[in-house]
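Hi,

Here is the structure I said I would pass on. Have a look at it first, and then read my notes underneath.

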Amino acid sequence: MVTTGQAGARAAARPAADLLHDARAHERAACIPEAIRCYDAAIATADRTGERTVLAEALRRVAVMRHLRNESTEARQLCRRSYSVACDAGNDLLAAEALNTLGGLDVQTGAIEDARRNFLQALARGGESRELRARVEQNLGIVANIQGNLDEAVAHYEGSLEAYRASNDEHGCAIAYANLGIAHTDLRQYERAEGYFQQSYEIAERAGDAHLQGQCLVNHAEVHVVRGRYEDARRNAEAALAIFDQLDARSDKSEAYRILGMVYRETGRAALAESRLRSAIELAVSAGSVLNEAEASCELALLYQAMGRNQEALTLLNAAHRLFRRLDARVDLVYVGGKVSELETTYFAVVLEWGQSIESTDSYTFGHCERVAQHAMAVARVLGLDETSQTTIRLGAYLHDLGKVRVPHEILNKPGPLTQDEFVVVQMHPIWGLELLAAVEFPWDLKPIIRWHHERYDGTGYPDRLRGDEIPIAAQIVGIVDVFDALSTARPYRPALSREAALAEIERSRGWWSEAVYLAFVKSLDGVKSPAHATLVAVS
Ligand SMILES: [Fe+2]
Ligand SMILES: [Fe+2]
């Protein structure tokens, strides 16, 4: 306290504007404690002398410093004070600057709507200044991006670009071009994206901004991969890697490795692809980049899927799912919802493919998994189950008969009733399914469906002879739909039953499921079509 007071007393002899100037010099030299001391001195002096312009400016700048020291509440207060001082002084530009900074603090603390409001107000107040408009539009673009509004993001980045151009700020233009490139990539407008990356790269090269050059290369490489130009992608990614290596930018290196892994995967060099993608994950972990770790995990999962290593693919997708859920839009400036839904699409595809790989090994009608999944979700909806339960039921339905891979082919395809011994083998499939999945953790609880889809409410099912509500509702739903689908498709010794006949069979067995599940099933039939064609089906 005493020291600060003395420093303040000594500094008081100097004009506030000089102190502000010194503070900025300290800030540029990254001497944060000195910078804060000078800003505080400038504030004290300007407060006394009534120099409101200096005061507003110093308050805003020290707010940013405080924020960097994790003192967000103080930072916000300083910013608000800067705003009101600027308003009193009738200085629109400084008022707008304060609002822009306030919006920046909001983004960093996750208050995205507040940020948007502050940025828009900043634009209304100080948009006359091109320099300010360029930065505020850029920020509005970032906010739109975090909220998943890509078209709006593009409009703001374009506004920013125009303002940077008008103020002859070439480096600003380069940043706007890079952001436009990324947004157009997300919009799948690759031609335009490439043009922007190229323009950004050229400026970055002239300005000697190595980091931006590397980012342009790596982002452009990603577009090359999507467009199937693997050699261009590889060249770009390797050039980016060389740059990031020099800068020791591990998180960026992780991205370059990810692209290389994708290139090798798509060109059939699986071992190289695996090694590059593993490196991408390791680098992301060591740099603490959740986004890069999740994205590299997804790409490695796709490699494993292509190699038929479904268990490993799902383990990675599960890890990626957890990471995306943990992802912080504030830090990574991405739309988390978009990332999660993209991942879930991949997840469903891998699980369905795994389920279908069983369909093709036995004589099940192709499409059994998908039909059971769709119908089971319809029953779940009638019962009013939530989205997560519906997803669980869908994935559980895809994999319900996974354990049948271990049932000998001649039993699965036997064109007639099974012997007692054969039936004992078939009854093992729920347990074998669980064994196959033992190493895989799922974001959804699929295992009860796989283990208990043949249990019956009256206690006559298998493998655990559960009774009544001991059987999870998800397993009952998949169970009833599974029986119905088996009845509705042909067997070697009888044709497919009509919908009415199948329903009559189910009604005769209604004691196998709870009343609620049975009634929901009957109701769901209104919205479900009969199988389009019927082929062979083995024991269900
Ligand atoms: Fe089954
Ligand atoms: Fe089945």
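**Helices side by side**

Let's start with a pair of helices: the axes of H4 and helix H5 (residues 72–88) come within 8 Å and cross at roughly 165°. Keep in mind as you read on that this is a predicted model. If you're new to this, two packed helices are described by the angle between their axes and the distance between the axes. An angle over 145 degrees counts as roughly antiparallel, so that is what H4 and H5 are to each other. Their crossing is left-handed. On the H4 side, the residues that meet H5 include Leu55, Leu59, Val62 and Ala63. Among their partners in H5 are Ala75, Leu78, Cys79 and Val85.

Now go to the pair formed by H3 and H4. Helix H3 covers residues 32–49 and helix H4 covers residues 52–68. Here the axes come within 9 Å and cross at roughly 150°, so H3 and H4 are roughly antiparallel too. This crossing is left-handed as well. From H3, the contact involves Tyr39, Ala42, Ile43 and Ala46, among others. H4 contributes residues including Val54, Ala58, Val62 and Met65.

**The core**

Ala58 is worth clicking on. Which residues does alanine 58 touch, not counting those up to four places away in sequence? They are Leu20, Ala23, Tyr39, Ala42, Ile43 and Ala46.

Ala58 turns up again in the largest nonpolar core, which has 161 residues. Along with Ala42, Ala376 and Ile477, Ala58 touches the most other members of that core. The helix that gives the most to this core is H26 (residues 473–488), with 11 residues. Where does the core sit relative to the domains? Domain 1 and domain 2 both give residues to the core, so it lies between them. In the domain assignment, domain 1 runs over 1–127 and domain 2 over 360–527. The centres of domain 1 and domain 2, taken over C-alpha atoms, are 65 Å apart.

**One loop residue**

Last stop: glutamine 189, in the loop between helix H10 (170–186) and helix H11 (190–207). Is glutamine 189 buried or partly exposed? A residue needs 20 or more other C-beta atoms within 10 Å to be buried, and 12 or fewer to be exposed. Glutamine 189 has 15, so it is partly exposed. The C-alpha atoms of glutamine 189 and valine 223 are separated by 9.7 Å, with the two residues 34 apart along the chain.

Cheers

Definitions and conventions:
Residues are numbered from 1 along each chain as its sequence is written. Chains are lettered from A and ligands numbered from 1 in the order in which they are written. This is a predicted model: local features need pLDDT of at least 70, side-chain atom pairs count only at pLDDT 80 or more; totals for chains, interfaces and linings use all residues. A nonpolar core is a set of buried Ala, Val, Leu, Ile, Met, Phe, Trp, Tyr and Cys residues joined through C-beta atoms within 7 Å. Helices (H or I, at least four residues) and strands (E, at least two) are DSSP runs, numbered from the N terminus. Domain bounds come from an automatic or database domain assignment. Two residues are in contact if their C-beta atoms, placed from the backbone, lie within 7 Å. Axes are lines fitted to C-alpha atoms, for helices over the stretch in contact, and angles run from 0 to 180 degrees between N-to-C directions. Angles under 35 degrees count as roughly parallel, over 145 as roughly antiparallel, 65 to 115 as roughly perpendicular and the rest as oblique. A crossing is left-handed if the near helix is turned anticlockwise from the far one by less than a right angle, and right-handed if clockwise.
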